[in-house]
Amino acid sequence: PVNVGDRHSITYTNLLAPRVNPLGLEERLWIGYQYRLYDKTGDIWKGSNIGIFLRPILSPAIGLVGPTVQIQPLAILRLRATWSYVGWFGTFSYMESYQSPWDDFSDTRLSAQKDRGENYATTGHQTELELLFQVRFKQIVLRNTFTADYNVMKLRGDDDVYYDIRVDALVPNKGWLIFNDTDLLWAQDFKGPRHSTLLAGTRATVVKAFYPDSVYEEGEAHTDPNGPIFKL
């Protein structure tokens with residue numbers, strides 16, 4: 001927000017985005033209540049709030065819904081905690097699960113398993129912790145988002161890991177996954193009543209799964225064969 005605004009407010013954020021490699025389409029919505037923390041008008045205090053939201057996420061392969069608690073003590077810092085009920089629809093190549101981090105989960109195998117009807121529908125839940133740090137100097141914006149997920153899914157048989165299309169990684173069941181997005185952006189402001197801004201830049205992403213000892217098969221090395229993953 002560019003102004004202090006009301007102390008109590010109902011707010012929403014909506015994102016609809018396609019993706020290539022892996023192919024995907026996702027609708028993401030936050031809607032809820034925010035309480036403004038300060039009456040101060042300096043830039044560092046703008047948008048400072050505590051809030052509670054409902055966050056539904058929907059794609060052709062997976063849906064999530066649950067509450068989010070948010071604390072933003074400063075304009076540059078935001079913390080969120082979200083619990084979500086997760087449903088996998090059994091569409092495309094998902095859900096696909098495996099017994100070990102050493103198993104092959106390549107695009108070729110995912111496609112072959114789908115052709116054999118080995119993908120399946122299931123449910124579970126996810127706990128997500130997020131820390132956002134952002135600064136702006138004139139037209140240059142630096143933004144870093146650190147996220148940690150703990151996933152508990154109902155997997156088939158003795159499977160302990162699964163391919164998560166949303167993060168493009170092999171994820172431990174009943175285990176932690178972290179991913180970090182760093183954005184370096186150019187912000188172009190436009191004159192007008194809505195104070196619109198165009199953002200363009202580059203993103204660096206690091207993904208790291210933490211596999212507990214219980215997910216490995218007998219005789220396998222207890223190391224991570226799949227990461228960390230770096231994308232630019």
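This note walks through some features of a predicted model, one point at a time.

1. **Strand S2 and its neighbours.** A good place to begin is strand S2, which covers residues 24-36. S1 and S2 run antiparallel and are joined by 12 bridges. Within that pairing, Leu-25 in S2 has Pro-18 opposite. S2 also pairs with S3, again antiparallel, through 6 bridges. Here Ile-31 has Leu-54 in S3 as its bridge partner. Strand S4, residues 57-58, is a further antiparallel partner of S2, with 2 bridges between them. In this case Ile-57 in S4 stands opposite Arg-28.

2. **The hairpin of S1 and S2.** If you follow the chain from S1 into S2, you pass a hairpin with 4 residues between the strands. Look for Asn-21 there, which has a positive phi near 60 degrees.

3. **Arg-36.** Is this residue of S2 buried or exposed? Arg-36 has a relative accessibility of 15% and so counts as buried, the limit for that label being under 20%. Its side chain is in polar contact with the side chain of Asp-39, at 2.7 Å.

4. **A nonpolar patch on the surface.** Ten names are worth picking out together in the viewer: Ile-10, Tyr-12, Ile-31, Tyr-33, Ile-52, Leu-54, Val-65, Val-69, Trp-83 and Tyr-85 form a nonpolar surface patch. Together they have about 1,000 Å² of accessible area. Which elements give two or more residues to the patch? They are strand S1 (8-19), S2, strand S3 (49-54) and strand S7 (77-88). The bridge partners Ile-31 and Leu-54 are both members of this patch. Val-65, another member, sits in strand S5, residues 62-65. Val-65 is partly exposed, its relative accessible area being 36%.

5. **Aromatic pairs.** The whole structure holds 6 aromatic pairs. In one of them, Phe-105 and Tyr-163, the ring centres are 6.0 Å apart and the planes lie at 35 degrees, so this pair is tilted. The two residues come from distant parts of the chain, 58 residues apart. Phe-105 is in the loop between strand S8 (97-98) and helix H1 (107-115), while Tyr-163 belongs to strand S11, residues 161-164. Both rings belong to buried residues. Tyr-94 joins Phe-105 and Tyr-163 in a cluster linked by ring pairs.

6. **Strands S11 and S12.** The strand that holds Tyr-163 also has a partner: S11 and S12 are antiparallel, with 4 bridges joining them. Ala-169 in S12 has Asp-164 opposite. Their hairpin has 4 residues between the strands, and Asp-168 takes a positive phi near 55 degrees. Strand S12 spans residues 169-172, with Ala-169 and Val-171 pointing one way and Leu-170 and Pro-172 the other way. All of these are buried.

7. **Salt bridges, starting with Arg-116.** The count of salt bridges comes to 14. One of them joins Glu-118 and Arg-116, whose closest N and O atoms are 2.8 Å apart. How do the two ends compare with the solvent cut-offs? Glu-118, at 26% relative accessibility, counts as partly exposed, whereas Arg-116, at 52%, counts as exposed.

8. **A bridge across the chain.** Asp-189 and Arg-136 form another salt bridge, with 2.6 Å between the closest N and O atoms. Asp-189 lies in strand S13 (residues 175-189) and Arg-136 in strand S9 (residues 122-137), so the pair links distant parts of the chain, 53 residues apart. Each end is partly exposed: Asp-189 has a relative accessibility of 35%, and Arg-136 has a relative accessible area of 43%.

9. **Lys-208 and Asp-224.** These side chains also meet in a salt bridge, at 2.8 Å from N to O. Lys-208 is in strand S14 (residues 197-210), and Asp-224 is in the loop between S14 and strand S15 (229-231), so the pair ties together parts 16 residues apart in sequence. Lys-208 is partly exposed, with 22% relative accessible area.

10. **A charged network.** What links Arg-143, Asp-181, Asp-183 and Arg-203? These residues are connected in a network of salt bridges.

Technical notes: Residues numbered from 1 in each chain as written. Predicted model: local features only at pLDDT ≥ 70, side-chain atom pairs only at ≥ 80, totals over all residues. Heavy atoms only, no water. Buried < 20%, exposed > 50% of the residue type's maximum accessible area, 1.4 Å probe, protein only. Polar contact = N/O pair within 3.5 Å; in protein donor to acceptor, adjacent residues only side chain to side chain. Patch = residues over 30% accessible without salt bridge, like charges linked within 9 Å, V, L, I, M, F, W, Y side chains within 5 Å. Areas by Shrake-Rupley, 256 points an atom, 1.4 Å probe, with all protein chains shown as cover. Salt bridge = Lys/Arg side-chain N within 4 Å of Asp/Glu carboxyl O. Pairing = 2+ DSSP bridges. Phe/Tyr/Trp six-rings, centres within 6.5 Å; stacked < 30°, edge-to-face > 60°.
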